[in-house]
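Q: Please take a close look at the charged side chains and their pairing, and set them in the context of the whole chain.

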Amino acid sequence: MVDTKQTKTIGEHHVAAELARRGWAPALTRDGLERTDILAVLAEGAERRLVEVQVKAARGAKMDSISWPLGSKSQAPGLHEREYFVMVAIPHDLRDHPRSFVVPRVHVAAAAWIEHMNWLTHPDALPGKRNAPVERSRVLLRTFADYEDRWDLLEVDQSAAPVLLPSGFRDLALTERVGLPPDHEWHEGLPEW
């Protein structure tokens, strides 16, 4: 049985170390600060940029099977342009290194909703077999694959970040069956990706 507190600790310290390697000054927040595990200031260069980072860590024997729970709080609208998630995939094998996926909050909210609603309402699903609410959504590692090691995204506001979700997600967001979360920023205009 994996200790979830230990998994969270591994993820947060891994992200703090990676941020420091890239010129950010990270500060772990105390438990209880909603939506923010790390505050980081870009300490190198002319601009002193401050970002809020929420870390989601998950362990698995096989990277392909790792997924992160992303419930309703993760799908809530952003409070400002500098909110990001770093999804950390931690392998059981200690010879392998954790993998990091840097994703703007608005992209995480869309991905969690789209992946769950597509699973829930898929035409191939047997009636009555899928009934988990969106608060129980999980997102697979492959959904965030193109965000791997994209630490550069922290240097741009969410609205300027390229959307790197699977291309089929855009099509699903446009359907009535799947759509986007209520109050999602992209209801005003879906970006290209």
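A: R95 counts as exposed, with a relative accessibility of 71%; the classes used here are buried for under 20% relative accessible area, exposed for over 50% and partly exposed in between, with a 1.4 Å probe and protein chains only. The model is a predicted one, in which local features need pLDDT of at least 70 and side-chain atom pairs count only at pLDDT 80 or more, while totals for chains, interfaces and linings use all residues. Residues are numbered from 1 along each chain as its sequence is written, and side-chain values use heavy atoms, with hydrogens and water left out.

The side chain of R95 meets that of D93 in a salt bridge, with 2.7 Å from N to O. The term denotes a side-chain nitrogen of Lys or Arg within 4 Å of a carboxyl oxygen of Asp or Glu. D93 is partly exposed, at 28% relative accessible area. Under this rule the protein has 13 salt bridges.

A second pair is formed by R99 and E148, whose side chains meet at 2.8 Å, N to O. R99 belongs to strand β6 (residues 99-104) and E148 to the loop between β7 (138-140) and α3 (167-173), so this salt bridge ties together parts that are 49 residues apart in sequence. Helices (H or I, at least four residues) and strands (E, at least two) are DSSP runs, numbered from the N terminus. Both partners are partly exposed: R99 has a relative accessible area of 25%, and E148 has 27%.

A third pair joins E34 and K73, with the closest N and O atoms 3.7 Å apart. Because E34 lies in the loop between β1 (24-28) and β2 (38-42) and K73 in the loop between β4 (67-69) and β5 (83-91), the pair connects parts that are 39 residues apart in sequence. E34 and K73 are both exposed.

Beyond these pairs, K8, E12 and D37 are linked in a network of salt bridges. E12 is located in helix α1 (residues 4-21) and is buried, with a relative accessible area of 11%. Leaving aside residues up to four places away in sequence, E12 touches L28, D37, I38 and V55; contact means heavy atoms within 4.5 Å. D37 is thus named both in the network and among the contacts of E12.

The loop between β1 and β2, which holds E34, also holds R35. R35 has a positive phi of about 75° although it is not a glycine, and it is buried, with a relative accessible area of 16%. Most residues other than glycine have a negative phi. D183 is also a non-glycine residue with a positive phi, here about 70°. D183 is found in the segment after α3 and counts as exposed at 64% relative accessibility.

Strand β4, at the start of the stretch that leads to the K73 loop, contains P69. P69 is partly exposed at 41% relative accessibility. Apart from residues up to four places away in sequence, P69 touches K56, S137 and R138. The C-alpha atoms of P69 and A57 are 9.4 Å apart in space, while the two residues are twelve apart in sequence.

These details belong to a protein with three helices and seven strands. From the N terminus on, the order of elements is α-β-β-β-β-β-β-α-β-α. Among contacts between residues at least 6 apart in sequence, 61% join residues at least 24 apart. Of the 193 residues, 45% count as buried.

The radius of gyration is 17 Å, which agrees with the value near 16 Å for a compact globule of 193 residues; the radius is taken over C-alpha atoms, and the globule rule is 2.2 Å times the number of residues to the power 0.38. Along the principal axes, the C-alpha atoms fill a box of roughly 50 × 45 × 30 Å.

For the charges as a whole, the mean positions of the 24 positive and 29 negative ones are 6 Å apart. Lys and Arg count as positive and Asp and Glu as negative, without His and the chain ends, and each charge is placed at NZ of Lys, CZ of Arg, CG of Asp or CD of Glu.
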